[in-house]
Amino acid sequence: MYDELVSVEGLRQEEPLGVVVADDDALQRAYTSAVLRKLGYTPIDAANGTEALELIRGGAAQILVCDLDMPGIDGHELAREVRRDSGDNYIHILMLTAQNQGHERELALEAGVDDFMAKPLDTASLTARMRSAGRLLQRERQLATRNRILAEAKEQIEADLRAAADAQRRLLPAAHSRVGGCAFHSAFMPSHILSGDMFGYFPLGDGLTGFYAVDVAGHGVHASLMSVALGHLLTADYFRAHVFDAVGNPDPAELVRALNARFYTDDGTEYFTMFAGILDETSDTLHFCQAGYPSPCIMTPAGASRRVGDGGFPVALLSSATFESGEISLSEGEFLALYSDGATEAEDPAGRAFGDEGLAQVLNASTTDPAAIPGKLVDALNCWRETRPLDDDLTVLVCERIAAP
Amino acid sequence: MIKTQEHAEHGICVIDPVVERLTAANATGFKEEVFGLIDSKHDRLVIDLTGVSFIDSSGIGALVGLLKRVGARGEVVLCGLSGNVQQMFKITRMDRVFSSYPGRDAAVAALAERVG
């Protein structure tokens, strides 16, 4: 396809350009047509403006040679009508005027005429103008072809991106699912087809549930490749292998350290923020490591809320970064709401950020129905953005502690 | 297009990114421009973020990129962090990576003192 784009420069001379000759004077028309035929064009006669307009609208020609003075639709009117149609193809209009019609020419230019020839028409001046018109139309054809190829290429690229986005989406868990004593609810919205976000959760055995969310810096293809790589890497097995300290206690910072060591390079520019959690149902404790990811919120059914963590270094940004695990209680009936910064940073048309306030409103309105939060947050953001797409990728992950039966 | 102000006596260069938002849309351009300065032997830099009301992860990445490029031979400090930017620095711990000062003069004075 891209090869085709290059070869447009050497575009073959396509089918000859059609010319409509509009003149109420049969003799003048015959003369003009004869000259055009000699120049290699295929003239089509029109005895008046109406006939000419029909021929042009029917796509018979790319060039119109018309007389100014015609009964019915005159040259001005004809030019205006042709311009009003303004389809994909530009019609080049040459007008025949008498020697003393200088003012008429100005009007004709405004009506949309491209060039003039004085009566009596001589072969040399018609030849010169037809060549000039031919060059312009040829150029226009080339541009049109190039535009078409670019549009096709863009379509192809977007189709590829959508296929990649489907593959990315398949890595994600279902929007609602149950792991042990937890119900997870989520929403995932790329800002443009592909997302630099990723998340997942899995049972780790012994009443432990692991989950994570990552947000790769930047967005688009670049970030999404990294996020998909992380999605493949961060499995239950990887968690089990990296998330415990030497004596077997949950220590999610261990996992984040492993990722930092794996993904940091001295000359690299890619990095990501992350929240990794291990929920211990037997002790109602959430072990977490916050690596530059926004602080999630824990909500109680009564509507009280508390923030989790106060920050941490992102992953793969600095080789010297240190990571700590924290602990917080997460009891039955409570839920944890995790969101990427795409939520709070979303701006309305006036440039105001959705912010912690917008988020708190959505959370507070659904304290007894956490399953609805991801959907409601997406709706609230669409409303805030007034349906303009998000600037940044969005992930919402709610982890709800289900009360034991 | 960044704006610079040189304090020749201490070899310090103050840089104003001249953007309201340092984000994925312009962070690479900003970084490349400052790289140009660093490569022409400017390695004591103050980045004045007074005019920057918002910074995203790409913006943070660009600032850390400057720090890495300057390395041990120089310094990069910041000044004029607005509430939003400060919040981002806190959550990503960049407040522990970069020294920051209320304004240009304080930043330049602090850097100048470190020469001694």
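The following paragraphs describe helix packing and sheet architecture in chain A of a predicted model, together with one annotated span of chain B.

In this predicted model, local features need pLDDT of at least 70 and side-chain atom pairs count only at pLDDT 80 or more, while totals for chains, interfaces and linings use all residues. Residues are numbered from 1 along each chain as its sequence is written, chains are lettered from A and ligands numbered from 1 in the order in which they are written, and side-chain values use heavy atoms, with hydrogens and water left out.

Helices (H or I, at least four residues) and strands (E, at least two) are DSSP runs numbered from the N terminus. Axes are lines fitted to C-alpha atoms, for helices over the stretch in contact, and angles run from 0 to 180 degrees between N-to-C directions. Helix α3 (residues 49-57) of chain A and α4(A) cross at roughly 20°, and their axes come within 10 Å. The two helices α3(A) and α4(A) are therefore roughly parallel (angles under 35 degrees; over 145 is roughly antiparallel, 65 to 115 roughly perpendicular and the rest oblique). Their crossing is right-handed, a term used if the near helix is turned clockwise from the far one by less than a right angle, left-handed being anticlockwise. In the contact (heavy atoms within 4.5 Å), Gly49(A), Ala52(A), Leu53(A), Ile56(A) and Arg57(A) of α3(A) meet Leu78(A), Glu81(A), Val82(A) and Asp85(A) of α4(A). This contact of α3(A) with α4(A) has five nonpolar, one polar and three charged residues; Ala, Val, Leu, Ile, Met, Phe, Trp, Tyr, Cys and Pro count as nonpolar, Asp, Glu, Lys and Arg as charged, and the others, Gly among them, as polar.

Helix α4 (residues 75-85) of chain A also packs against helix α5 (residues 102-111) of chain A, at about 15° with the axes 8 Å apart. That angle makes α4(A) roughly parallel to α5(A), and the crossing is right-handed. From α4(A), His76(A), Ala79(A), Arg80(A) and Arg83(A) meet Glu104(A), Leu107(A), Ala108(A) and Ala111(A) of α5(A). Four nonpolar, one polar and three charged residues make up this contact.

Helix α2 (residues 26-38) of chain A and helix α6 (residues 123-170) of chain A pack at about 55°, with axes 10 Å apart; α2(A) and α6(A) are therefore oblique to each other. Tyr31(A), Thr32(A), Val35(A) and Leu36(A) of α2(A) are in contact with Thr123(A), Leu126(A) and Met130(A) of α6(A). No charged residue takes part, the division being five nonpolar and two polar.

Strands pair if DSSP finds at least two bridges between them. A six-stranded open sheet of chain A has the order β6-β7-β16-β15-β12-β13, with antiparallel pairing. Its edge strands are β6 (176-179) and β13 (305-307) of chain A. Three bridges join β12 (residues 297-299) of chain A to β13(A), where Ser305(A) is the bridge partner of Met299(A).

A five-stranded open sheet of chain A, also antiparallel, follows the order β8-β9-β10-β11-β14. Its twist averages 20° from one strand to the next. Helix α7 (residues 221-233) of chain A packs on this sheet, touching β8, β9 (208-216) and β10 of chain A. Six bridges pair β10 (residues 272-280) and β11 (residues 285-291) of chain A, and helix α9 (residues 252-263) of chain A lies across these strands at about 150° to β10(A).

In chain B, UniProt places "domain: STAS" (unreviewed entry) at residues 22-111; UniProt positions are given in the numbering used here, feature names are shortened, and annotations may be inferred rather than shown by experiment. This span of chain B is 49% helix and 17% strand, with its end C-alpha atoms 24 Å apart.
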